Amino acid sequence: FQKLYLQDEYLSTLVYNLKNSISKNNYESNNLNETLHRILEHTFRKQLTASREVETLNSIKRSTRLELYDRLHKAKDYIQSNFSEQIDLEKLSAVACLCPHHFLRKFKSFFGVSPHQYLTSVRLQNARLLLENTNQSITEVCMSCGYESLSSFSFLFKKHYNLSPDMYRKNKTKKVN
């Protein structure tokens, strides 16, 4: 299943260790084979989970479920990759090659949130990370996450995290020190 997968700490560690071993020429063929086998097994399990997700879609034919799964994930991946741009229902339904009404209905039933709610959550998560890890101003964070209005960004951020962006940054700074 070709889609974006969340960063996986276990897989990242395996690949990092494999890379270090190879770059230092510090590996035995058995150890290398075991690591490659673990990577393959973990990837297979991820694919098996995706296959089970396909079966939750309502459609008679498996081929239709597979196609719908692929199209919904293309739209979701588009949101994750382009959250800072202006994205609307028409654009997402075109990415998914579905009519807007059908896309909206299927997206919400499969992911449990509307495309707009998902976009908002991705934007707010990225804003939170920028507030924690950069010195960008609140306005710069707002603009880089796809919001045009500082007031609407601040309102949504406070609603989601129970703190204004400025207070959130101050609290995170205190905890680090």
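The following paragraphs lead through a predicted model, from the crossing of two helices to salt bridges, buried residues and two loop residues.

A suitable place to begin is the meeting of helix α3, which covers residues 62-82, with helix α5, which covers residues 100-111. The axes of these helices come within 11 Å and cross at roughly 85 degrees. Angles of 65 to 115 degrees count as roughly perpendicular, and α3 and α5 are therefore roughly perpendicular to each other. On the side of α3, the contact is formed by Leu-68, Tyr-69, Leu-72, His-73, Ala-75, Lys-76 and Ile-79. On the side of α5, Phe-103, Lys-106, Phe-107, Phe-110 and Phe-111 take part. Sorted by character, the residues of this contact comprise nine nonpolar, one polar and two charged.

One of the α3 residues in that contact, His-73, deserves a separate look. Is His-73 buried or exposed? Its relative accessibility is 4%, and residues under 20% count as buried, so His-73 is buried. Leaving aside residues up to four places away in sequence, His-73 touches Lys-3, Glu-53, Phe-110 and Phe-111. Of these, Phe-110 and Phe-111 also belong to the α5 side of the helix contact.

A second buried residue is found in helix α4, which spans residues 89-96: this is Leu-92. Leu-92 has a relative accessible area of 3% and is therefore buried. Which residues does Leu-92 touch, not counting those up to four places away in sequence? They are Ala-75, Tyr-78, Ile-79, Ile-87, Phe-103 and Pro-115. Ala-75, Ile-79 and Phe-103 appear in the contact of α3 with α5 as well. The chain can also be followed from Leu-92 to Leu-156, 64 residues away, where the two C-alpha atoms are separated by 22 Å.

Pro-115, touched by Leu-92, is one of the residues of helix α6, which covers residues 115-133. This helix has 19 residues and reaches 27 Å from its first C-alpha to its last, close to the 27 Å expected at 1.5 Å a residue. Several α6 residues are buried, namely Pro-115, Tyr-118, Leu-119, Thr-120, Val-122, Arg-123, Leu-124, Ala-127 and Leu-131.

Attention now turns to charged side chains. How many salt bridges does the structure hold? There are nine salt bridges. One of them joins Lys-46 to Asp-8, with the closest N and O atoms 3.5 Å apart. Lys-46 lies in helix α2 (residues 29-54) and Asp-8 in the segment before α1 (9-23), so this pair ties together parts that are 38 residues apart in sequence. The two partners can also be described by their accessibility. Lys-46, at 37% relative accessibility, counts as partly exposed, whereas Asp-8, with a relative accessible area of 15%, is buried.

Other salt bridges are formed inside a helix. In one, Asp-70 pairs with Lys-74, the closest N and O atoms being 3.5 Å apart. These residues are four places apart in helix α3, and are therefore separated by about one helical turn. Asp-70 is partly exposed at 23% relative accessibility, and Lys-74 is partly exposed with a relative accessible area of 43%.

A further salt bridge links Lys-170 with Asp-166, and here the closest N and O atoms are 3.2 Å apart. Both residues lie in helix α9 (residues 165-176), four residues apart, which is about one turn of the helix. Lys-170 has a relative accessible area of 42% and is partly exposed; Asp-166, at 36% relative accessibility, also counts as partly exposed. Salt bridges may also be connected to one another: Glu-55, Arg-62 and Arg-65 are linked in a network.

The last stop is the backbone of two loop residues. Cys-97 is placed in the loop between α4 and α5. Although Cys-97 is not a glycine, its phi is positive, at about 55 degrees. Its relative accessible area is 55%, so Cys-97 is exposed. Asn-162 is found in the loop between α8 (150-161) and α9. Its phi is near 60 degrees, again a positive value in a residue other than glycine. At 63% relative accessibility, Asn-162 counts as exposed.

Notes:
Residues are numbered from 1 along each chain as its sequence is written. This is a predicted model: local features need pLDDT of at least 70, side-chain atom pairs count only at pLDDT 80 or more; totals for chains, interfaces and linings use all residues. Side-chain values use heavy atoms; hydrogens and water are left out. Axes are lines fitted to C-alpha atoms, for helices over the stretch in contact, and angles run from 0 to 180 degrees between N-to-C directions. Angles under 35 degrees count as roughly parallel, over 145 as roughly antiparallel, 65 to 115 as roughly perpendicular and the rest as oblique. Contact means heavy atoms within 4.5 Å. Ala, Val, Leu, Ile, Met, Phe, Trp, Tyr, Cys and Pro count as nonpolar, Asp, Glu, Lys and Arg as charged, and the others, Gly among them, as polar. The expected span of a helix is 1.5 Å times one less than its number of residues. Buried means under 20% relative accessible area, exposed over 50%, partly exposed in between (1.4 Å probe, protein chains only). A salt bridge is a side-chain nitrogen of Lys or Arg within 4 Å of a carboxyl oxygen of Asp or Glu.
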